[in-house]
Structures are given as structure tokens and as C-alpha cells.
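Notebook open, structure loaded. I want to go through the fold, a couple of helices, the core, the rings and the cysteines.

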Amino acid sequence: MVCAVKLLTRTSEGGRAVAAAAKLCYSPSDAGSLFEGLGSEKVRSFLAHLRKAGHFSPFEHASFTFAVDGLSRVASHQLVRHRMASFSQQSQRYVPVETPECVLPPSVSENPECRGLFEEHARRSLELYRTLVDRGISKEDARFVLPHGWATRLVVTMNARELHHFFRLRLCRRAQWEIREVARQMLLAVREAEPELFDLAGPDCLTEGACREPSSCGRPYATMEELLAR
């Protein structure tokens, strides 16, 4: 199963909202007037200034909601560690498992023998799950036999500040491959929707020009195009 991310909804004109909120802190004008007076170039310039100054609290005024389908529960456990976010996840207590939808890691997929063992285990786990349910075991207890890599679906909402933090951590080459792919698709979506807010989002090697990790991967991204390529 292949993970897919879709931007469901967002704060309308989020970049302008963030810029107006920040300007309000230093202006005698009201936020509505500031908002109306901001063109796209002014917004882009002011947001770049905020990022450079490390003034990210105004970015909390713009929110984005995503559908994430086909993510393993291995990766979803990493995703929900981002606490400045809201999550709704498909329940295995109530939604019956019908097909063997287990995320296949690339390292396993590339090894024919290991792939066969992996897929056979997923199939047998589903068979045991069905047997338990047929014999009266509740779905919430039968699910204990399903692999940790079983696919799930989520709705995720983050504000722009948390998204910048999320992208800084999860787009690093050292991040787990699956959540890195989720972050890549999310960044593609928000850059298209609100380029002024996210044109400089990404790992430290791109945004700061240097890695902050104690142990660098040694392979910094050269360009944003390299990072965003599948």
C-alpha cells in the first residue's frame, strides 16, 4: 500500500493573516486594515523577515488539515508525537480489517525472499484475525495479532509554525523513510497553497545552511528540488 497525502482545507489567505497578526504587534492600526493593505510581495518580504528573526508565534494563526492514507502504524506513532497538532485516526476497534493492507518497507520489497516471507506473515495474521472474530473475539482484541506495519488512515491538522518544525525534523535524511515521504507530500501541498509561508521550509541543511543534528548524515540537500523529488 502506498501512502498518499491530500490537503483537505486550510486557513484562507494564511500568509496574509500571519503577516497582519505580526504587524499588529508593532502598529497602532487594527488587524483588518493591516490585512487589507498587504499585497503578495509585502507578505513574502515580511514573512521572510519573521523567519530570519525566529519570530514564529504569528505563524500559529494559519492552520492546515490533511488526509493521510496508507501510513503504517509504525509511522503514525511517530506522527502523533508532534503535540501541537490534532489527529483523528481510523479505529481498528470499529472498522473491520478485510484485506492484508500492510506497508511494505523498500528494503523488504527489494529482497524477493524476504518479501515473500513478509507477505505470507501478513496474510496469516489476517487469517488469524478473522478466525478470532468468527469465534466471538471482539475486533478490539483480535487486532492484537495484526502486524505493527498495518496501514491506517488519519486526518491531521497543524498550524504553520508546527509544520515548519515538522518539516525541519522529518525531512532530514536521518528521519524514517515513511514519515519522510509523508512530510515531503505535505510540503508539496502547502507550498502550492501558500508559497509565501513555506518557500523556505525544510531541514536545517537547506534552511540554515548547516545541520544541527549531533550526528549528521553527511549528505546535505543541495536544492529544494532535490528534496521534493520522489
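Before I count anything: I take two residues to be in contact when they have heavy atoms within 4.5 Å. I should also note that this is a predicted model.

**Overall look**

With that meaning of contact, I took the pairs at least 6 apart in sequence, and 75% of these contacts join residues at least 24 apart. I then checked the secondary structure and got 12 helices and 4 strands. The C-alpha trace spans about 70 × 40 × 25 Å along its principal axes. The protein has 230 residues, and 39% of them count as buried.

**Helix α3**

I started with α3, residues 40-53. Its 14 residues should span 20 Å at 1.5 Å a residue, and I find the end C-alpha atoms 20 Å apart, which agrees.

Which residues of α3 are buried? I noted Val43, Phe46, Leu47, Leu50 and Arg51. They cover an arc of only 140 degrees around the axis, so they sit on the same side of α3. On the other side of α3 I found Glu41, Lys42, Ser45, Lys52 and Ala53 exposed.

What do the buried residues of α3 pack against? The partners are α1 (14-24), α8 (160-170) and α10 (195-198). Just after α3 I came across Gly54, which takes a positive phi of about 75 degrees.

**Helix α9**

Next I did the length check on α9. Its 17 residues should span 24 Å at 1.5 Å a residue; the end C-alpha atoms are 25 Å apart, which agrees.

The list of buried residues in α9 has nonpolar names, among them Ile179, Val182, Met186 and Leu187. I also see Glu178, Glu181, Arg184 and Gln185 on that list. The buried residues of α9 pack against β1 (4-10), β2, α4 (73-79), α8, α10 and α12 (224-228).

**Nonpolar cores**

How many residues are in the largest nonpolar core? I get 44, and the members that touch the most others are Phe64, Phe66, Leu163, Phe167, Leu187, Leu197 and Phe198. Helix α9 (residues 177-193) gives the most to this core, with 7 residues.

I picked Phe167 for a closer look. Leaving out residues up to four places away in sequence, Phe167 touches Ala183, Met186, Leu187, Val190, Phe198, Ala201, Gly202 and Pro203. I also logged a second, separate core of 8 residues, which includes Val97, Cys102, Tyr129 and Leu146.

**Aromatic rings**

My count here is 4 aromatic pairs. For Phe56 and Phe59, the ring centres are 5.0 Å apart and the planes are at 50 degrees, so I wrote this pair down as tilted. Phe56 is partly exposed at 21% relative accessibility, whereas Phe59 is buried at 0%.

For Phe64 and Phe198, the centres are 5.3 Å apart and the planes are at 75 degrees, so this pair is edge-to-face. The Phe64–Phe198 pair links distant parts of the chain: Phe64 is in strand β2 (residues 63-72) and Phe198 is in helix α10, 134 residues apart. Are these two buried or exposed? Both Phe64 and Phe198 are buried. I also found that Phe64, Phe166, Phe167 and Phe198 form one aromatic cluster.

**Cysteines**

How many disulfides are there? I count 0 disulfides. For Cys211, the nearest cysteine sulfur is that of Cys172, 5.5 Å away. A disulfide needs the two sulfurs within 2.5 Å, and Cys211 is in no disulfide. Cys211 is partly exposed, with a relative accessible area of 35%.

Cys217 is in no disulfide either, and its nearest cysteine sulfur is again that of Cys172, 5.6 Å away. At 31% relative accessibility, Cys217 counts as partly exposed.

**Last lookup: Leu128**

I found Leu128 in helix α6 (residues 112-134). Is Leu128 buried or partly exposed? Leu128 counts as partly exposed, at 42% relative accessibility. I also took the C-alpha to C-alpha distance from Leu128 to Gly149, which is 16 Å, with their positions 21 residues apart in sequence.

Notes
Residues are numbered from 1 along each chain as its sequence is written. This is a predicted model: local features need pLDDT of at least 70, side-chain atom pairs count only at pLDDT 80 or more; totals for chains, interfaces and linings use all residues. Side-chain values use heavy atoms; hydrogens and water are left out. Helices (H or I, at least four residues) and strands (E, at least two) are DSSP runs, numbered from the N terminus. The expected span of a helix is 1.5 Å times one less than its number of residues. Buried means under 20% relative accessible area, exposed over 50%, partly exposed in between (1.4 Å probe, protein chains only). The arc is that of the directions from the helix axis to the C-beta atoms. A nonpolar core is a set of buried Ala, Val, Leu, Ile, Met, Phe, Trp, Tyr and Cys residues joined through side-chain atoms within 4.5 Å. Rings of Phe, Tyr and Trp (its six-membered ring) pair if their centres lie within 6.5 Å; planes under 30 degrees apart count as stacked, over 60 as edge-to-face and the rest as tilted.
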